[in-house]
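Colleague: I am new to this structure and should be grateful for a close look at one part of it. Please set that part in the context of the whole.

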Amino acid sequence: MNQFIIEAGKAEPGFIMKSRLHSLFIVLALLGGINQAAAQGARFFRICGPAATTIMSFNADGTLVWSNALPGTNYTIQTATSLSGGTNWADYVQLRVTQAVNTNLLFAFNPPAGMALIPAGVFTMGDNLDGESDAIPISVTVSAFYMDVNLVSYAQWQSVYNWATNSGYGFTNAGLGKAANHPVQTVDWYDVVKWSNARSEQAGLTPVYYTDAGLTQVYKTGEAAPYVNWAANGYRLPTEAEWEKAARGGLSGQRFPWGNTISESQANYEGCTSCYSYDLGPDGYNSIGLMGGSPYTSPVGSFGANGYGLYDMAGNVLEWCWDWYGTPYAGGSDPRGPASVSYRVLRAARGAATPTTRGVRIGTAPHPPLPPPPTTLVFVV
């Protein structure tokens, strides 16, 4: 087994080399807050696959260079927060390798503020758990991108909205929120797309959405399907594949970001134990959502994060995606859904969304260090 530890306060990792077959251990001392000299804890990683591997380097930008991979096979990076018992490993990302030597962005030590890296890799979209006709499993490859760790709060929405309405933008809905730290809701797909452009311009980034094929007129008003500059570094909606990969947090074949059952200690939703065998309840709306009355949203980040550090990927609000809804899903590499159909995709883990409530999540990838151009995303419900 090859193992190395990254020590807090050092620019380069220190290496401890041991010998064992088929897996690669990585121990990261996680830094947090303003005090970059103090580690808040450790996160362990290992690469499992069909053959022994060799570490060539692990760089300060979070890229891992490793060799002796078997081309045409899959390797899985797993993670754990401790090594006690040795059975708490969870999938982090699956890599389809095409060459013996590989470079992968594994972890972002300095992501954009409030964002988390979703590493590039292949994953199985959908599952066979409940016989849903539009969830038939299919292999999808997604490039690396950054995503906001939280849903867009009402306060965050208002900040950009106020700037936008003084800068030539027009919206159908002003957006609502039960409180400043609750997710914004009552915004439609076009509102969110325009809001994403406004957030991009306010931050000095290149907008993603335009009203002309030449990508010269920034989309600011009206409700028409925009043209997209996929290479821009501004904010945008995630594709459905990006959303599902991010929501799973590295897990495969599970209903939720943490496993196959759900309880109201894990997400804000309306429990119905007699409706779903996997719902552990209790029945009725979550008590945190009931506080303050309708709509039954909860403050963003009230529950545990998934494997990528994202909150509220199940429950609280539904989230808009870029794609038009279509079935069967095509899969492939960085799919962007079918051509114009009838309505856009809204996602939340099954059985775990507050009915009729629509909110927003935003993401962006201004400067990913690996070859695929940065992507950005926005989620709305």
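Modeller: A residue is called buried when its relative accessible area is under 20%, exposed when it is over 50%, and partly exposed in between. The model discussed here is a predicted one. By that definition, 50% of the 381 residues in the protein are buried. The protein exposes about 15,900 Å², of which carbon and sulfur atoms supply 53%. Its secondary structure consists of four helices and 23 strands. Of the contacts between residues at least 6 apart in sequence, 62% join residues at least 24 apart.

The part I propose to examine is helix 1, which covers residues 154–165 and includes Tyr161. Is Tyr161 buried or exposed? Tyr161 has a relative accessible area of 19%; because the limit for a buried residue is under 20%, Tyr161 counts as buried. When neighbours within four places in sequence are set aside, Tyr161 is in contact with Phe171, Asn173, Ala174 and Trp195. A further distance describes the surroundings of this residue: the C-alpha atom of Tyr161 is separated by 8.9 Å from that of Gly175, which lies 14 residues away along the chain.

Helix 3 offers a second residue to set beside Tyr161. This helix spans residues 240–248 and contains Glu244. Glu244 also counts as buried, because its relative accessibility is 6%. Apart from neighbours within four places in sequence, the contacts of Glu244 are with Phe123, Thr124, Met125, Gly126 and Arg347.

Notes
Residues numbered from 1 in each chain as written. Predicted model: local features only at pLDDT ≥ 70, side-chain atom pairs only at ≥ 80, totals over all residues. Heavy atoms only, no water. Helix = DSSP H or I, 4+ residues; strand = E, 2+ residues; numbered from the N terminus. Buried < 20%, exposed > 50% of the residue type's maximum accessible area, 1.4 Å probe, protein only. Contact = heavy atoms within 4.5 Å. Areas by Shrake-Rupley, 256 points an atom, 1.4 Å probe, with all protein chains shown as cover.
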